[in-house]
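The following note sets out points for a colleague's consideration. Please read it alongside the sequence and coordinates.

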Amino acid sequence: MSGLFGSTTTTSTATSTQLGDLSKDVALNSPPEDSISDISFSGQSSHLAVASWDKAVRIYEINAQGGSEGKAKMDFEGPVLSCDWSKDGSKVVGAGADKAARMIDLGANQTTGAQIAVHDQPIRCVRFCEIMGNQMVVTGSWDKTIKYWDMRQPTPAATVQMQERVYTMDVKDNLLVVGTADRYINIFNLQTPDKIFKTIQSPLKWQTRVISCFTDAKGFAVGSIEGRCAIQYVDDSQSSLNFSFKCHRDPPQNNMTNVYSVNAISFHPEHGTFSTAGSDGTFHFWDGVAKHRLKGYPTVGGTISASAFNSTGNIFAYAVSYDWSKGYVTNTPQYPNKVMLHPVTGDECKPRPSVKKR
């Protein structure tokens, strides 16, 4: 995009061995006052929702120059752990440690959030979904359940018991994937939302940190605490396409390798390529079909706790914020807490040209 954040369109032919450029990344104005837990772009406009431990979800408007302005704020009674936009871009939902989910209707010019859901324990994840043509909200909690809400009734439309606490969750079209403690992954077809379609054990050996659905809803990516990412297809006929790879690790030294948590995975809305971001303070763009790293970036000066592409895929937002991966000792007042906007230009996220085998 010409002029994005003051840059011009490039026709980069750099290989993935060269580090990407962070010099044009722009910081979000007036970020939250505490750790950032989740960020989400509207699918319809240049608005970004940011959930934080400072008990609020903030909504910002982003312009083509990377400038940002706060537009709304939804207050909670505890740290907010997750946020999401409705498909039409009119509503934002957030949920967290106060065991409740709240929604603000920006289309109706609401200025405060209304409670729409409640659990027995903190809500770790919240997503909008569409079931039988009806817009609903699904929440996943540490009380070992997911619940569906139609936002008009105080009781859930359905409750589904999980094996363990919900750690991560994502929705795309009719695909809902829920990751829990003990590495369980529950896959739902939202045409029958109250029944688990399939349960698998994570292909990764350690705790699941993040799950993100493919843009075509045929599968999902899993990130874990041990610097690994897995690509999983839902249909058993495509299981030969499943694979995992190492990422967010330091080069080995004296037979020791420092490995870092993969905190965030985001899929590019146009190309279907994806990003990983982690506790090592770096993010990378990948082509899952070609099994190839498209571009890596230098450390951003702090752990990356969340990431998101905007609706057109020309802005990649990432939160530089402490993720508690090294305990309370590392959480100093000087630790960065900000959201950065990276202009996606040239070939950064474009998949590799396919080469047909003879």
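Is glutamate 164 buried or exposed? Glutamate 164 counts as buried, at 13% relative accessibility. The points below concern a predicted model, and they begin with the salt bridges.

1. Glutamate 164 and arginine 165. The side chain of glutamate 164 meets that of arginine 165 in a salt bridge, at 2.9 Å from N to O. Glutamate 164 is the buried partner, while arginine 165 is partly exposed, its relative accessible area being 33%.

2. Other salt bridges. Twelve salt bridges are found in a search of the whole structure. One of them links aspartate 150 to arginine 152, with 3.4 Å between the closest N and O atoms. Aspartate 150 is buried, at a relative accessible area of 14%, whereas arginine 152 is exposed, at 71%. Arginine 228 and glutamate 226 form a further salt bridge through their side chains, with an N to O distance of 3.8 Å. Here arginine 228 is partly exposed at 25% relative accessible area, and glutamate 226 counts as buried at 9% relative accessibility. In addition, Glu61, Glu69 and Lys71 are joined into one network by salt bridges that share partners.

3. Sheet with the order 2-3-4-5. Four strands make up an open sheet in this order, and the pairing is antiparallel. Strand 2 (36–41) and strand 5 (68–75) are the edge strands, each of which pairs on one side only. On average, and with direction ignored, neighbouring strands of this sheet are turned by 20 degrees against each other. Strand 2 is joined to strand 3 (residues 47–52) by five bridges, and the two run antiparallel. Within this pair, aspartate 38 has alanine 51 in strand 3 as its bridge partner.

4. Lysine 55. The loop between strand 3 and strand 4 (56–62) contains lysine 55. The phi of lysine 55 is near 70 degrees, a positive value in a residue other than glycine. The residue is partly exposed, with 41% relative accessible area.

5. Sheet with the order 6-7-8-9. A second group of four strands forms an open sheet in this order, again with antiparallel pairing. Its edges are strand 6 (80–85) and strand 9 (114–118), each pairing on one side only. From one strand to the next, the twist averages 25 degrees. Five bridges connect strand 6 with strand 7 (residues 91–96) in the antiparallel sense. Cysteine 83 has glycine 94, in strand 7, as its bridge partner.

6. Cysteines. How many disulfides does the count give? The count comes to zero disulfides. Cysteine 125 is in no disulfide, and the nearest cysteine sulfur, that of cysteine 83, lies 11 Å away. At 5% relative accessibility, cysteine 125 counts as buried. For cysteine 349, the closest cysteine sulfur belongs to cysteine 229 at 15 Å, which is too far for a bond. Cysteine 349 counts as buried as well, at 2% relative accessibility.

7. Strands 15, 16 and 17. Strand 15 (residues 175–180) and strand 16 (residues 184–189) run antiparallel and are joined by five bridges. Leucine 176 stands opposite phenylalanine 188 in strand 16. The two strands form a hairpin with three residues between them, and aspartate 182 in the turn has a positive phi of about 65 degrees. Strand 16 also pairs with strand 17 (residues 198–201), in the antiparallel sense and over four bridges. In that pairing, isoleucine 187 is opposite lysine 198 in strand 17.

8. Asparagine 254. This residue lies in the loop between strand 21 (243–246) and strand 22 (262–267). Asparagine 254 has a phi near 50 degrees, a positive value in a residue other than glycine. Its relative accessibility of 76% means that asparagine 254 counts as exposed.

9. Nonpolar surface patch. Which residues make the nonpolar surface patch of about 400 Å²? Trp324, Tyr328 and Val329 make it. Valine 329 is located in the loop between strand 27 (315–320) and strand 28 (338–343). With a relative accessible area of 60%, valine 329 is exposed.

Definitions and conventions
Residues are numbered from 1 along each chain as its sequence is written. This is a predicted model: local features need pLDDT of at least 70, side-chain atom pairs count only at pLDDT 80 or more; totals for chains, interfaces and linings use all residues. Side-chain values use heavy atoms; hydrogens and water are left out. Two strands pair if DSSP finds at least two bridges between them. Axes are lines fitted to C-alpha atoms, for helices over the stretch in contact, and angles run from 0 to 180 degrees between N-to-C directions. Patches are made of residues with over 30% relative accessible area and no salt bridge: like charges are joined within 9 Å, nonpolar side chains (Val, Leu, Ile, Met, Phe, Trp, Tyr) within 5 Å. Accessible areas come from the Shrake-Rupley method with a 1.4 Å probe; for residues, only the protein chains shown count as cover. A salt bridge is a side-chain nitrogen of Lys or Arg within 4 Å of a carboxyl oxygen of Asp or Glu. Buried means under 20% relative accessible area, exposed over 50%, partly exposed in between (1.4 Å probe, protein chains only). A disulfide is a pair of cysteine sulfur atoms within 2.5 Å.
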